[in-house]
Amino acid sequence: MRRRFRGSDVFSTPSTSMSYVGTPVLVEEEIENDYYLLAKAYFDSREYRRAAHVLRDQTGKKAMFLRGYALYLAGEKRKEEEMIELEGPFGKGTTINCELGGLEQELCMHRKKGSIDPFGLYLYGVVLRDRGCDDLARAVLVESVNGYPWNWNAWSELQSLCTSIDILNNVNVNIKNHWMKDFFFASAYLELKIYGEALKKYELLQGNFSLSDYVQAQIATAQYSLSEFDEAHAIFDDLLKNDPYRVDTMDVYSNVLYAKESCSALSCLAHRVISTDKYRPESCCIIGNYYSLKGLHEKAVIYFRRALRLNRKYLSAWTLMGHEYVEMKNPAAAVDAYRRAVDINVRDYRAWYGLGQTYELMAMPFYALYYYRKSAYLQPTDARMWVALAQCYESGQLNMLDEAIKCYKRAANYNEREGIALSKLAELHDKLGRRDQAAMYYKLDLERMDEEQREGPNVIRALSFLAEHCQSQNKHEEAQIYCTRLLDYTATEKETARNIMGMKTSQSGFPSMEVDQFMP
């Protein structure tokens with residue numbers, strides 16, 4: 001039966017403390033005729049132009065949507081064919097959908113007349129987006145989701161047009177308070193790299209959708225983005241136990257295992273997805289990650305390229321392939337892969353970071369600086385971005401040490417895990433003659449290394465500097481503590497401690513210390 005929407009009829013919504021508007025229910029409108037059923041059969045067989053032709057004289061809203069959507073997909077199909085003919089399977093896609101102009105005029109007319117339903121509005125929003133009319137596309141898609149909130153495709157298209165938090169907040173004003181809106185904002189926060197807010201949203205949704213694998217997977221993705229690898233690992237592991245043939249989001253799980261260097265677990269995951277569906281882009285990406293972790297970069301590239309043959313807009317494959325080309329010392333191919341990733345999603349900070357890294361390897365620091373700045377802007381809470389930016393400022397060609405110090409401070413404020421920031425802050429302040437500030441950062445770095453039970457040249461450097469600095473400041477007891485620790489190292493460090501503690505301190509009246517009493 002043909003159907004329409006009636007806003008007064010609602011399904012039940014999840015019970016929460018928040019008040020939601022109801023969801024329209026599909027009710028009977030008119031009988032689907034033979035033309036519609038035939039067109040639907042053609043559409044399901046991907047014969048889009050035949051479907052559109054059958055419905056050319058049909059005036060109902062459902063027939064109008066199916067005809068318009070069939071024309072849109074026919075144009076997309078021809079666009080892909082032309083792109084492959086002209087540029088090959090990895091072409092940059094300069095061809096256009098020739099159906100957009102006619103569809104825009106037709107759908108605009110129906111909207112003005114009020115003879116369009118939420119699905120027709122969704123199609124109109126997609127056409128406007130492809131035509132570059134982002135503001136109007138957002139307004140039309142908001143109308144669509146308000147008319148029928150259960151069309152997740154409309155929410156997804158609206159999300160793709162919310163490229164900043166300001167745009168998202170402006171859109172929020174016009175969206176009705178339906179519970180699907182919570183899913184939309186959680187997903188939008190995740191896309192905008194506001195991971196903390198995304199995690200809060202999904203954890204609230206988990207209260208009403210406790211059995212939803214989608215919500216669990218999104219929580220795990222947010223935790224991975226926050227570098228909470230153990231928590232993400234546990235959730236993905238539970239998802240696989242409940243659904244052993246799952247492939248969706250398993251590429252994110254492979255990134256978690258890659259970050260944890262869990263080669264055996266990644267191997268098991270790769271075998272699992274191969275046996276489930278080896279020709280999914282996610283499966284190819286997982287196998288590529290496995291070969292990358294094994295150091296077989298050429299094989300990794302083969303599988304990332306295979307993923308792109310299956311879906312040329314698969315963002316992760318372009319970015320990861322760029323990483324592999326960097327490892328293979330092929331900067332031209334790396335730059336091309338990263339640029340393709342940026343073309344797909346301009347907010348992919350990993351691609352911007354990869355471009356900066358590649359240009360830095362090519363000894364082009366000004367280009368690297370530009371791309372590192374973009375990555376830091378998109379991911380301001382990621383200490384790695386600030387460390388990369390600081391190292392670029394510190395390079396011999398730029399030598400902008402004060403700017404490097406500012407970036408290292410930002411990295412330290414965001415709990416940089418490798419300890420590079422504190423060590424470099426101490427080193428740079430010492431280089432600029434700011435010994436008191438250098439001492440402060442050396443102390444902080446030494447405390448961090450002691451907590452992590454680390455040893456090595458950084459510990460020795462910090463102990464040597466602090467011992468000498470404290471001695472020059474007449475803090476002899478503190479200097480003695482640092483020198484005593486230096487005596488646990490090699491002959492060179494023992495000699496350094498002997499020289500420091502052998503210094504005369506006549507100004508304070510303290511006698512010089514004999515180091516031999518500490519020698520083994």
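Mentor: Start with handedness. A crossing is left-handed if the near helix is turned anticlockwise from the far one by less than a right angle, and right-handed if clockwise. Keep in mind that this model is predicted.

Trainee: Which hand does the crossing of α19 and α20 have?

Mentor: Left-handed.

Trainee: What else describes such a pair?

Mentor: Two packed helices are described by the angle between their axes and the distance between the axes. Here, helix α19 covers residues 349-361 and helix α20 covers residues 365-378. Their axes lie 8 Å apart, at an angle of about 160°. Angles over 145 degrees count as roughly antiparallel, and α19 and α20 are therefore roughly antiparallel to each other.

Trainee: Which residues make the contact of α19 with α20?

Mentor: On α19, they are Tyr-349, Trp-352, Tyr-353, Leu-355, Gly-356, Gln-357, Tyr-359 and Glu-360. On α20, they are Tyr-367, Ala-368, Tyr-370, Tyr-371, Tyr-372, Lys-374, Ser-375 and Leu-378. The classes split into eleven nonpolar, three polar and two charged residues.

Trainee: What about the loop between α19 and α20?

Mentor: Look at backbone torsions there. Most residues other than glycine have a negative phi, and most peptide bonds are trans. Ala-363 sits in that loop. Its phi is near 60°, a positive value in a residue other than glycine. Ala-363 has a relative accessible area of 49%, so it counts as partly exposed.

Trainee: Where does Gln-453 lie, and what is its phi?

Mentor: Gln-453 is in the loop between α24 (435-451) and α25. Its phi is near 55°, which is positive, and it is not a glycine. Is Gln-453 buried or exposed? At 73% relative accessibility, it is exposed.

Trainee: Back to packing. How do α5 and α6 cross?

Mentor: Helix α5 spans residues 118-130 and helix α6 spans residues 134-147. Their axes come within 8 Å and cross at roughly 160°. That makes α5 roughly antiparallel to α6. The crossing is left-handed.

Trainee: Which residues of α5 and α6 meet?

Mentor: From α5 come Pro-118, Leu-121, Tyr-122, Tyr-124, Gly-125, Leu-128 and Arg-129. From α6 come Asp-134, Leu-136, Ala-137, Val-140, Leu-141, Glu-143, Ser-144 and Gly-147. By class, nine are nonpolar, three polar and three charged.

Trainee: Which hand and angle do α6 and α7 have?

Mentor: α6 passes α7 in a left-handed crossing. Helix α7 runs over residues 152-161, and its axis comes within 9 Å of that of α6, crossing at roughly 150°. α6 and α7 are therefore roughly antiparallel to each other. In α6, the contact uses Asp-134, Ala-137, Arg-138, Leu-141, Val-142, Ser-144 and Val-145. In α7, it uses Ala-154, Trp-155, Glu-157, Leu-158 and Leu-161. Eight of these residues are nonpolar, one is polar and three are charged.

Trainee: How do I read a single site, say Thr-319?

Mentor: Take place, burial and partners in turn. Thr-319 is in helix α17 (residues 315-327). Buried means under 20% relative accessible area. Thr-319 is at 0%, so it counts as buried. Its side chain makes a polar contact of 2.8 Å with the side chain of Asp-348. Leaving out residues up to four places away in sequence, Thr-319 touches Tyr-338, Ala-341, Asp-348, Arg-350 and Ala-351.

Trainee: What does the same approach give for Leu-422 and Ser-464?

Mentor: Leu-422 lies in helix α23 (residues 420-431). Its relative accessible area is 16%, so Leu-422 is buried. Beyond four places in sequence, it touches Ala-412, Tyr-441, Leu-444, Asp-445 and Arg-448. Leu-422 and Leu-446 are 24 residues apart in sequence and 9.2 Å apart in space, C-alpha to C-alpha. Ser-464 belongs to helix α25 (residues 457-472). At 18% relative accessibility, Ser-464 counts as buried. Leu-486, Thr-496 and Ile-500 are the residues it touches, not counting those up to four places away in sequence.

Trainee: And the whole chain? How many helices and strands does the protein have?

Mentor: There are 27 helices and two strands. The protein has 520 residues, and 49% count as buried. Now consider contacts between residues at least 6 apart in sequence: 52% join residues at least 24 apart.

Definitions and conventions: Residues are numbered from 1 along each chain as its sequence is written. This is a predicted model: local features need pLDDT of at least 70, side-chain atom pairs count only at pLDDT 80 or more; totals for chains, interfaces and linings use all residues. Side-chain values use heavy atoms; hydrogens and water are left out. Helices (H or I, at least four residues) and strands (E, at least two) are DSSP runs, numbered from the N terminus. Buried means under 20% relative accessible area, exposed over 50%, partly exposed in between (1.4 Å probe, protein chains only). A polar contact is a pair of N or O atoms within 3.5 Å; within protein, one must be able to donate a hydrogen and the other to accept it, and residues adjacent in sequence count only if both atoms are side-chain atoms. Contact means heavy atoms within 4.5 Å. Axes are lines fitted to C-alpha atoms, for helices over the stretch in contact, and angles run from 0 to 180 degrees between N-to-C directions. Angles under 35 degrees count as roughly parallel, over 145 as roughly antiparallel, 65 to 115 as roughly perpendicular and the rest as oblique. Ala, Val, Leu, Ile, Met, Phe, Trp, Tyr, Cys and Pro count as nonpolar, Asp, Glu, Lys and Arg as charged, and the others, Gly among them, as polar.
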